[in-house]
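Student: I should like to work through this model by question and answer. May we begin with what lies inside and then turn to the strands?

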Amino acid sequence: MTLAELTEKMKTGAGSKQGFGNTVKFSTPDGAIYIDGNQNPPTVSNDDNAADCTIKMSLSDLVDMVGGKLDGMTAFMTGKLKIEGDMGVAMKLQSILR
């Protein structure tokens, strides 16, 4: 799955969710996915904006995480996922990504 395909999948999923009051950026070597949870429903783009929480990981691991094949906590504990900024925001993402 490409970054553009994953972004579209996340846009579709976010359309049915409530805002969560924060911004999140997934940063991969292939580009960024920015979620503005201050909007209702949250908006998803490929903007590389500053965010309350930045999650750094490979695109393939992000695809697996969004697809439910990789647990976020497992990814964090094994070093596949690194968090910069507000860790509490990252914890809110479980409900947003599924």
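The exchange below concerns a predicted model and takes up its core, its strands and two of its helices.

Student: Which residues touch the most other members of the largest nonpolar core?

Tutor: The largest nonpolar core has 23 residues. The elements that give two or more residues to this core are α1 (3-14), β1 (23-28), β2 (31-36), β4 (53-56), α2 (59-66) and α4 (87-97). The members that touch the most others are Met10, Phe26, Ile33, Ile55 and Leu62.

Student: Which residue of β2 is the bridge partner of Phe26?

Tutor: β1 and β2 run antiparallel and are joined by six bridges. The two strands form a hairpin, with two residues between them. Within this pairing, the bridge partner of Phe26 is Ile33.

Student: In which sense do β1 and β4 pair?

Tutor: β1 is mostly covered, with five of its six residues buried. Its pairing with β4 extends over four bridges, and Val24 has Cys53 of β4 as its bridge partner. The sense of the pairing between β1 and β4 is parallel.

Student: With which residues is Ile55 in contact, leaving aside its neighbours within four places in sequence?

Tutor: Ile55 is among the core residues that touch the most other members. Its contacts beyond those neighbours include Val24, Lys25, Phe26 and Ser27. The rest of the list is Leu81, Lys82, Ile83, Ala90 and Leu93.

Student: Why do the buried residues of α2 lie on the same side of the helix?

Tutor: The buried residues of α2 are Leu59, Asp61, Leu62, Met65 and Val66. An α-helix has 3.6 residues a turn, so residues three or four places apart point the same way. In α2, the buried residues are on the same side because they cover an arc of only 160°.

Student: What phi does Gly68 take?

Tutor: Gly68 comes just after α2. Its phi is positive, at about 85°.

Student: Is Val89 buried or exposed?

Tutor: Val89 lies in helix α4. Leaving aside neighbours within four places in sequence, Val89 is in contact with Phe20, Asn22, Thr23, Val24, Asp52 and Cys53. Buried means under 20% relative accessible area. Because its relative accessibility is 2%, Val89 counts as buried.

Student: What separates the C-alpha atoms of Val89 and Asp64?

Tutor: Val89 and Asp64 are 25 residues apart along the chain. In space, the separation of their C-alpha atoms is 20 Å.

Technical notes: Residues numbered from 1 in each chain as written. Predicted model: local features only at pLDDT ≥ 70, side-chain atom pairs only at ≥ 80, totals over all residues. Heavy atoms only, no water. Core = buried A, V, L, I, M, F, W, Y, C linked by side-chain atoms within 4.5 Å. Buried < 20%, exposed > 50% of the residue type's maximum accessible area, 1.4 Å probe, protein only. Contact = heavy atoms within 4.5 Å. Arc of directions from axis to C-beta. Pairing = 2+ DSSP bridges.
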